[in-house]
Amino acid sequence: MAATEEQQFPLPKILTYPASAPPSLIAQGAEGRLYKTTHLESGLPCALKYRPSKPYRHPILDARLTKARIAAEAKVLDRCYREGVRVPAVYALDAAAGWVMIEWVDGKPVRQGINDWLGERPEDGTPAASEDETPLVDLMKRIGEAVGNLHRTGVIHGDLTTSNMMLKPWASRPSNAGDKAKAVEGDIVLIDFGLATQSSSDEDRAVDLYVLERAFASTHPRAERLFCHVLDSYKPSYKKAPSVIIKLEDVRMRGRKKSMLG
Amino acid sequence: MALETLNLEHIPSTHRVYAAFFRDVTNSDFLHAQLLARNPDFDYAFIEASSVISRRHLQSAIFNALVTILDGTLLSATPHSEVVLSMSPNNNIADAYRRWGIAPGKTKDLIVVKPAAHTPEAMWAHLSESIKGTPVPLSDEEISKATDWQKMRKYYSLNSVQMLSKIESEEKKRQEMERLAIMKMALRGL
């Protein structure tokens, strides 16, 4: 299957050079493709994000947009990393060629973790009376903290969903929890900063939270009522967080767009 | 022969890189003079080993330099200067040479990198003849003996990174500093 995919999409030039293992296409979006490959040594996995040029754009504009977007994403990752927000580290990049190599994050997306936990639960989402929901609530709190940390550094993610958060397994803490609780264990690592911007206004931060809230409700309708725990732990995460929560009320009333134009 | 061939991922075999590590070098004046005189026999990138954190740090810089060589987008005059420049977090070539290049009279530990096709035997014969120092393996262990962390913190602006002070384990802290340095090199000029 991998072979047909690679025929469909020409590889970026850097990946046509020899490596110990062939790159594999992990994800494909409108703007770019994500490959899993190796950096420097065969034992160091990395993710390579490639933004191919768009044939319908004017070549000069195309080159400029690609370069600016790769650069912006790398700068945001650098800023987050230096501030201690858990994001993938940048290994290497070539903005003109449209690729950036970043740290490979082990684990699975939060979306999958939550779904594994919810399992076969009935539609209305009420747990059985005996069920202990603490591990899932803890996960919600970690999500709130992670987003709070991100906003504290003055970065807006722009596309917060449970698919753009990874659950990186805990290395140091040997888990003695049951299989079910294991599904929602791990550190939150935020990924995909392709739409990220730098801002510290309440409005932008509130919209970021609103996007997450809406995405969460549609991806995990059965766990929607637990979203309040995300906001609860977001609130004390940095100084201006409470006013962002208040702003979120306004955003909920009117939707994501402030101007209502376009 | 302490000359190592670096086979990096995603680098064609036509762009193989050779590297060697010498400690307690006594003739840095002479080597520096050869570079200034543009002696074609001394077509090497000489790197001050106290400004190198680890193998991965060095390899990252070499990889970044090779990418520009493969692209044909060199910012400096030669592949060798491109390796030295790739160690730097900014595009100032003079600055990069001052910090990562060979310093006459001062350099004790020296890493030699040659990013071009060459016969390793002849290169090694030439190096061992012209560099007065002790060849050692280019390993993390040997590199760490030479690293000057105070310089590293300054060059890669790590003193302003607050999250480092929260890390208790010394080993983990060094790991994070290595990564931050690599990120600084990758983001050079953005």
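How many nonpolar, polar and charged residues are in the lining of the second largest pocket? Look for the answer in Figure 3. Everything shown in these views comes from a predicted model.

**Figure 1. Chain A is split into domain 1 (7–103) and domain 2 (108–254).** Where the two domains touch, domain 1 of chain A brings 13 residues and domain 2 of chain A brings 17 residues. If you take the C-alpha centre of each of these domains, the two centres sit 26 Å apart. Counting up the secondary structure of chain A gives you 8 helices and 10 strands. Chain A has 262 residues, and 48% of them count as buried. Now think about contacts in chain A with a separation of 6 or more: 64% of those are between residues 24 or more positions apart.

**Figure 2. Here we zoom in on the largest pocket, which holds about 1000 Å³ of space.** It has 34 lining residues, and the ones closest to the centre are A:Tyr81, A:Gly84, A:Arg86, B:Lys172 and B:Glu176. Which elements give at least two residues each to this lining? From chain A you'll find strand S4 (90–94), helix H4 (134–152) and strand S9 (187–190), and from chain B there is helix H8 (170–186). H8(B) provides the largest share, with 6 residues. Sorted by class, the lining of the largest pocket comes out as 16 nonpolar, 3 polar and 15 charged residues. Domain 1 (7–103) and domain 2 (108–254) of chain A are both in on this, each giving at least three residues to the lining.

**Figure 3. Next up is the second largest pocket, with about 830 Å³ of space.** Here's the answer to the opening question: the lining of the second largest pocket has 17 nonpolar, 8 polar and 9 charged residues. Of the 34 residues that line this pocket, A:Ala27, A:Leu34, A:Lys49, A:Asn164 and A:Asp192 are nearest its centre. At least two lining residues come from each of these parts of chain A: strand S1 (24–28), strand S2 (33–38), S3, H2 and strand S5 (99–103). H2(A) gives the largest share, 5 residues. Why does the second largest pocket lie between domain 1 (7–103) and domain 2 (108–254) of chain A? Because both of these domains give residues to its lining.

**Figure 4. This close-up puts A:Arg51 in the middle, in the loop between strand S3 (45–50) and helix H2 (59–82) of chain A.** Is A:Arg51 buried or exposed? Its relative accessibility is 7%, so A:Arg51 counts as buried, since the cut-off for buried is under 20%. Check out the side chain of A:Arg51, which makes a polar contact with the side chain of A:Glu31 at 3.4 Å. Leaving out residues up to four places away in sequence, A:Arg51 touches A:Glu31, A:Gly32, A:Thr66, A:Arg69, A:Ile70, A:Glu73, A:Gly98 and A:Gly194.

**Figure 5. Our last view moves to A:Ala71, a residue in helix H2 of chain A.** With a relative accessibility of 10%, A:Ala71 falls under the 20% cut-off, so A:Ala71 counts as buried. Try finding A:Leu48 as well: A:Leu48 and A:Ala71 are 23 residues apart along the chain, and their C-alpha atoms are separated by 14 Å.

Note on methods:
Residues numbered from 1 in each chain as written. Chains lettered and ligands numbered in written order. Predicted model: local features only at pLDDT ≥ 70, side-chain atom pairs only at ≥ 80, totals over all residues. Heavy atoms only, no water. Helix = DSSP H or I, 4+ residues; strand = E, 2+ residues; numbered from the N terminus. Buried < 20%, exposed > 50% of the residue type's maximum accessible area, 1.4 Å probe, protein only. Polar contact = N/O pair within 3.5 Å; in protein donor to acceptor, adjacent residues only side chain to side chain. Contact = heavy atoms within 4.5 Å. 1 Å grid on protein atoms, 1.4 Å probe; cavity = no way out; pocket = protein on both sides within 12 Å on 5 of 7 lines; lining within 4 Å. Points joined across faces, edges and corners; volume = space filled by probe spheres on them. Nonpolar A, V, L, I, M, F, W, Y, C, P; charged D, E, K, R; others polar. Domains from an automatic or database assignment.
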